[in-house]
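The paragraphs below go through one protein model, starting at its ligand and moving outward to its sheets and loops. Please keep the sequence and the 3D view open while reading.

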Amino acid sequence: MTSDTKLYHAPAAAPDTAWQADVRAGVRHVRDLDRLPLSPAERAATQAAAANHKVRVPKAYLDLIDWNDPADPIRAQVIPSPDELVKTEGELDDPIADHEFSPVPRLTHRHADRVLLFPTYQCAVYCRFCFRKESLTAIGRGYTREALEPALAYIAEHPEIREVILTGGDPLSLPDKALVEIRARIEAIPHVRLLRIHTRVSVALPSRITPGLVEALQGRPMVTIVTHFNHPREITDATEAACRTLRQAGFVLLNQSVLLKGVNDTIEVLEELCRELMYRLGVKPYYLHHGDLARGMAHRRTTIAQGQALAGALRARLSGICNPVYVLDLPEGGGKVPIGPCYVEAREGENWRLRGLDGQARKYTEIVGE
Ligand code: SF4
């Protein structure tokens with residue numbers, strides 16, 4: 001596709017420096033934690049935890065933190081906690097078996113019609129709850145054309161692959177030039193119909209959503225951007241503007257959240273998050289993930305029963321379009337399965353007993369023509 005056939009035309013080019021300045025002004029190294037208003041004890045514990053998982057927080061996201069609140073939900077997502085040093089049996093380096101299902105480097109093929117492609121193992125923000133933190137630390141490399149060649153060849157050789165999911169690391173942390181290259185290589189593979197991009201930049205670095213980025217992503221395949229908002233305080237004028245730019249470019253916007261103890265594990269927070277995502281940002285709440293078995297994250301996981309109670313309350317309060325599906329990404333590559341409350345209470349032949357959203361059970365008899 002030539003630039004003339006693109007749906008969106010960038011205004012006269014302004015250099016993409018605002019987002020780079022935002023990254024530079026934030027926390028980029030463990031030593032930058034010294035600038036934050038932490039107590040000496042907190043600082044020591046935080047630096048120990050940071051040795052296990054990288055630290056990076058753009059200034060825009062740092063500015064959302066209320067430093068007077070030690071339990072601030074924004075802080076909890078990005079500032080290392082000494083609780084991360086607690087080792088809990090059963091936690092895993094690779095909770096959903098990305099590596100086991102990786103036939104070539106930088107690609108995971110778990111389901112027939114789609115693959116995960118990892119153009120980079122670097123991110124604009126490092127989230128403490130990340131289930132890929134081991135890969136980000138152990139592999140840790142950025143994008144090079146050469147590194148992606150085996151994965152692109154694999155996709156070209158497998159006509160059953162219809163969706164390519166760019167994930168990470170954060171693909172939108174790459175410069176526009178790299179995104180243009182990656183998108184062009186993927187769209188040259190005729191059986192790929194959909195390009196999905198999983199990103200935190202629309203939340204933590206909204207200045208990265210520029211006309212140049214939009215133009216870099218536009219091409220033949222349908223583009224879906226999956227954002228990652230976890231708390232209503234992440235929804236600001238800046239993130240609203242970023243999502244508007246993506247929407248106006250014609251991309252489909254979905255959101256996945258992770259259920260995190262102390263961050264968003266109340267019905268009030270989740271309800272506000274889902275409503276504001278849909279009503280203000282035009283982003284469909286897609287998944288609410290139960291916490292994966294990532295190492296050092298026991299302090300942020302809820303029980304499944306708690307998650308089911310929250311998912312049930314959301315179902316009762318919100319319209320279908322505002323409701324995410326509560327899922328668990330199974331270990332050993334079993335895939336994402338819905339684990340929300342079950343509304344089927346009993347069945348006898350064609351007679352079903354189902355619980356309504358008002359909590360009352362009702363009978364439903366199937367009537368099916370011959
Ligand atoms: S941006 Fe995504 S891949 Fe990067 S640390 Fe956060 S959750 Fe993990």
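For the residue classes used here, Ala, Val, Leu, Ile, Met, Phe, Trp, Tyr, Cys and Pro count as nonpolar, Asp, Glu, Lys and Arg as charged, and the others, Gly among them, as polar. By that scheme the shell around the ligand divides into five nonpolar, two polar and three charged residues. This is a predicted model, in which local features need pLDDT of at least 70 and side-chain atom pairs count only at pLDDT 80 or more, while totals for chains, interfaces and linings use all residues. Residue numbers start from 1 along each chain as its sequence is written.

Which residues surround the ligand? They are Cys 123, Val 125, Tyr 126, Cys 127, Cys 130, Arg 132, Gly 168, Gly 169, Asp 170 and Arg 200. A residue is near a molecule or strand if its C-beta atom, placed from the backbone, lies within 6 Å of it. Within this shell, Gly 168 and Gly 169 are joined by a cis peptide bond with an omega of about 15°. Most residues other than glycine have a negative phi, and most peptide bonds are trans. Gly 169 sits in the loop between E3 and H7; helices (H or I, at least four residues) and strands (E, at least two) are DSSP runs, numbered from the N terminus.

On the scale of the chain, there is a division into domain 1 (3-339) and domain 2 (342-370), with bounds that come from an automatic or database domain assignment. The centres of the two domains, taken over C-alpha atoms, are separated by 38 Å.

One open sheet holds nine strands in the order E1-E2-E3-E4-E5-E6-E7-E8-E9, with mixed pairing; two strands pair if DSSP finds at least two bridges between them. Strand E1 (107-111) and strand E9 (335-338) each have a single partner strand, so one side of each has no neighbour in the sheet. From one strand to the next the twist averages 30°. The axes behind such angles are lines fitted to C-alpha atoms, for helices over the stretch in contact, and angles run from 0 to 180 degrees between N-to-C directions.

Arg 114 belongs to strand E2 (residues 114-117). Its C-alpha atom is 5.8 Å from that of Val 164, although the two residues are 50 apart along the chain. Arg 114 counts as partly exposed because it has 18 C-beta neighbours inside 10 Å; a residue is buried if 20 or more other C-beta atoms lie within 10 Å of its own, exposed if 12 or fewer, and partly exposed in between, with C-beta atoms placed from the backbone.

Strand E3 (residues 163-166) runs parallel to E4, joined by four bridges, and Leu 166 stands opposite Ile 197 in E4. Between these strands the chain passes through helix H7 (residues 176-187), a β-α-β crossover that is right-handed: with the strands pointing away from the viewer, the path from the first strand over the helix to the second runs clockwise. Strand E4 (residues 194-198) is mostly covered, with four of its five residues buried. Five bridges in the parallel sense pair E4 with strand E5 (residues 222-227), where Thr 224 is the bridge partner of Arg 196. E5 in turn pairs in the parallel sense with strand E6 (residues 252-258) over four bridges, and Thr 224 stands opposite Val 252 there.

After E6, Val 263 lies in the loop that leads to helix H11 (267-281). Val 263 is buried, with 21 other C-beta atoms within 10 Å. The C-alpha atom of Asn 230, 33 residues away along the chain, is separated from that of Val 263 by 7.8 Å.

Strand E8 (residues 325-330) and E9 run antiparallel over four bridges. They form a hairpin with four residues between them, and Glu 332 in the turn has a positive phi of about 65°.

Two further residues with positive phi, Ala 97 at about 65° and Arg 106 at about 70°, deserve a look. Ala 97 is in the loop between helix H4 (73-78) and E1, and the place of Arg 106 is also between H4 and E1. Ala 97 is partly exposed, with 17 C-beta neighbours inside 10 Å, whereas Arg 106 is buried, with 22 other C-beta atoms within 10 Å.

A second open sheet has three strands in the order E10-E11-E12, paired antiparallel. Its edge strands are strand E10 (344-348) and strand E12 (361-365), and the twist averages 20° from one strand to the next. Five bridges join strand E11 (residues 351-355) to E12, including the one between Arg 355 and Ala 361.
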